[in-house]
Amino acid sequence: FGKYWSFYLSEPEYLHGRKETVTVRIADYSEESEYGMTADGVLMLSGKPYRVRLYLDEGEPLVPGYEVTGLFRFRDTTPEGNLDSQYHQGNGVFLLLYQEDSLTVSKGERRWYEFATVLRYHIREILHETFPGDTVAFAQALLIGDTEELDYGVDTDLKVSGIRHVVAVSGLHVSILFALVSTIAFKKRFLTAVFGYPVLLIFAALAGFSPSVNRACIMWGLILGANLLDREYDGATALSFAVLTMLMGNPLVITSVGFQLSVGSVAGIYLFDPGIRKWILSYFGEIKGKNMKSYAVNWFASSVSITLSAMTMSTPLCAAYFGMVSLVGILANLLTLWIISFIFYGIMLACLLGAVWLSAGKLIAWLVSWPIRYVLAVSGVLARFPLAAVYTDSVYIVIWLIFSYTLLIVFFTMKKKHPAIVTTAIVAGLCLCVSLSWLEPR
């Protein structure tokens, strides 16, 4: 980090608060904001490229390849410059530029690596042309991770019901995508790798190279490599390698909430999923053969264990950053996750058809909109349940969280484990703390 700071971050720190005339190459399509418009670009300083975000007055729309020259006021987003800019730090944006005078805009040639940005823009256009107004924002968020157009109420319902992760592009989406790639490649190792690596790169680019999707794509790249070279794949090693690689590229990615939630959830799955699944299956006794009962039991055990194990590590982060803990998350995931893969494939098909035959794209989008409405309805209903979530603005809930994790630590260090006792104690503690929260103002 010291070398990264001296080599790369010292320049933004020096420019903080200054005003200078510079030329910025636009790297993405501009968007309207409350006070004008914003655009992402690349600024060359001392021969090194820096990702920057421009805050501009009203003007002509900007597209990738344009160059903007003018007087800007600089704001540093590194910890020295602004302690509340984890989002920018995590995504590698270390300078914010605010327009101070009139600008000169010139049209440059578009570069080959900007194809993903252009493709992302056209996908958004196709989605808006094909999907109904009440489902287009969800479709856009699920496919390319663009949540800007999600209604505040819908976004809140997804958070309270514990399924906000379905519209934050991460390992779930990459897994769904690779199930399709594997099928197209007839599950042949070499063909899967030939198709898989370009798909990983393109999908990460479409999702804007966000920290969560970068983590997932690196790990899936290792899975492809292990299969191709006939080597054993180890999840913990792959996760460690992905984290180390990302930190070497940008040490401040560790401040990204999406990065922390993604890594924490996967770490929780690797640590606790086998044990929780074994415990759940033990209650059903021995199940043999391949029948509907066996499939249903295994699906239930897998869904609950993965959700619980991921929540074990992500719950403290949600409490710290969002001030809430969803209590209906397990139920919401059981009711919705099974259909997400079908929705994802349906959105992809609607985009492909919409690009060549708009009417066919609209038909598929209309059909896919019904399962989307189902997911939105489930999140809306569950979010309105009494005690769907508890909030850390109550000190009693904070105490309950500390109490629960203390119990879990003790539980995992015991030789003879009694999950039912620990679960009962955690639930009883929750009831007591909720009661105290209710009684105190009275």
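Q: A disulfide is a pair of cysteine sulfur atoms within 2.5 Å, so how many does the structure hold?
A: Zero disulfides. Bear in mind that this is a predicted model, where local features need pLDDT of at least 70, side-chain atom pairs count only at pLDDT 80 or more, and totals for chains, interfaces and linings use all residues. Residues are numbered from 1 along each chain as its sequence is written, and side-chain values use heavy atoms, with hydrogens and water left out.

Q: Why no bond for Cys 318?
A: Because its closest cysteine sulfur, in Cys 433, is 19 Å away, too far for a bond.

Q: And why none for Cys 433?
A: The closest cysteine sulfur to that of Cys 433 sits in Cys 431, and at 9.5 Å that's too far as well.

Q: Is Cys 433 buried or exposed?
A: Buried, at 8% relative accessible area. The cut-offs are under 20% for buried, over 50% for exposed and partly exposed in between, using a 1.4 Å probe and protein chains only. Cys 318 comes out partly exposed at 23%.

Q: New topic: helix α10. How many residues does it have?
A: α10 has 26, residues 257-282. Helices here are DSSP runs of H or I with at least four residues, strands are runs of E with at least two, and both are numbered from the N terminus. From first C-alpha to last, α10 reaches 36 Å, close to the 38 Å expected; that expected span is 1.5 Å times one less than the number of residues.

Q: Where does α10 kink?
A: At Phe 272, shortly before the proline Pro 274, by about 50°. That bend is the angle between axes fitted to the seven residues ending at a residue and the seven starting there.

Q: What caps its N-terminal end?
A: Ser 256 does, with a side-chain oxygen 3.4 Å from the backbone nitrogen of Gly 258.

Q: OK, strands. What does β5 pair with in the antiparallel sense?
A: β5 (residues 66-76) pairs that way with β6 over five bridges, with β1 (residues 19-26) over seven and with β7 (residues 104-107) over four. Two strands pair if DSSP finds at least two bridges between them.

Q: Which residues stand opposite each other there, say for Thr 23?
A: Thr 23 faces Thr 69 in β5. In the other pairings, Glu 67 has Ser 106 in β7 as its bridge partner, and Arg 73 stands opposite Tyr 98 in β6.

Q: How does β4 run relative to β6, parallel or antiparallel?
A: Parallel: β4 (residues 48-56) and β6 are joined by five bridges. One of the contacts in that pairing puts Arg 53 across from Leu 96 in β6.

Q: How many of the residues in β6 are buried?
A: Seven of its seven, so the strand (residues 93-99) is mostly covered.

Q: What about the largest nonpolar core: which residues touch the most other members?
A: Phe 131, Ile 343 and Ile 347, out of 54 residues. Several helices give two or more residues to this core, among them α3 (115-130), α8 (211-228) and α12 (329-356). α13 gives the most, with nine residues. A nonpolar core is a set of buried Ala, Val, Leu, Ile, Met, Phe, Trp, Tyr and Cys residues joined through side-chain atoms within 4.5 Å.

Q: Where does Thr 135 lie?
A: In the loop between α3 and α4. Thr 135 is buried at 0% relative accessible area, and its side chain makes a polar contact of 3.0 Å with that of Ser 369. A polar contact is a pair of N or O atoms within 3.5 Å; within protein, one must be able to donate a hydrogen and the other to accept it, and residues adjacent in sequence count only if both atoms are side-chain atoms.

Q: Backbone check. What's phi at Ser 46?
A: Near 55°, positive in a residue other than glycine. Most residues other than glycine have a negative phi. Ser 46 sits in the loop between β3 (36-45) and β4 and counts as exposed at 59% relative accessibility.

Q: And phi at Phe 209?
A: About 50°, also positive though this isn't a glycine. Phe 209 is in the loop between α7 and α8, partly exposed at 43% relative accessibility.

Key. A disulfide is a pair of cysteine sulfur atoms within 2.5 Å.
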